[in-house]
Amino acid sequence: GLCTGPLESRPEDLTIVVADDDGGGIFALLEQGDPRFATDFDRVFGTPHGADLAALCAGFGAEFADVDLPGLESLLADRAPAGLRVVRVATSRAGLRNLHAALRAD
């Protein structure tokens with residue numbers, strides 16, 4: 001999504017928020033994320049990528065910010081046009097399955 005063709009205009013105000021769990025979090029919500037399969041989950045589905053998101057953004061000329069949740073709220077509250085920026089919020093897969101179960105129960 002950061003790469004635009006040479007004849008395409010770049011967004012004037014687009015913030016992409018990345019909930020970065022270092023890969024595999026979405027799979028934790030599926031059957032293979034069941035605790036019964038925990039011993040093999042990381043090896044097969046966890047797929048930690050260790051990607052340097054800041055360097056990736058720099059390569060595409062996008063602003064990058066690394067924030068925590070309170071910082072995210074503050075950053076998004078600022079309505080000034082930001083051009084193209086990516087905001088990384090570090091997350092964890094631990095507890096993700098239980099969180100989604102609780103949200104579905106409400």
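Which residue of E3 stands opposite Asp 66? In this predicted model, that residue is Arg 88, and the points below place the pair in its sheet.

1. On the basis of the model: it is predicted, so that local features need pLDDT of at least 70 and side-chain atom pairs count only at pLDDT 80 or more, while totals for chains, interfaces and linings use all residues. Residues are numbered from 1 along each chain as its sequence is written, and side-chain values use heavy atoms, with hydrogens and water left out.

2. On confidence: pLDDT, the predictor's confidence in each residue from 0 to 100, averages 85 over the protein, and 100% of the residues score at least 70. Among the elements (DSSP runs numbered from the N terminus, helices being H or I of at least four residues and strands E of at least two), helix H3 (residues 53-59) has the highest mean, 94, and helix H5 (residues 96-105) the lowest, 80.

3. On the sheet: three strands form an open sheet in the order E1-E3-E2 with parallel pairing, where pairing requires at least two DSSP bridges between two strands. Strand E1 (13-20) and strand E2 (63-67) are the edge strands, each pairing on one side only. E2 and strand E3 (residues 83-90) are joined in the parallel sense over five bridges.

4. On the lining of the largest pocket: helix H2 (38-46) and H5 each supply at least two of its residues. By class, the lining comprises five nonpolar residues, four polar and four charged, with Ala, Val, Leu, Ile, Met, Phe, Trp, Tyr, Cys and Pro counted as nonpolar, Asp, Glu, Lys and Arg as charged, and the others, Gly among them, as polar. A pocket here is an open set of points on a 1 Å grid over the protein atoms alone, where a 1.4 Å probe fits, with protein on both sides within 12 Å along at least five of seven lines; lining residues have an atom within 4 Å of a point.
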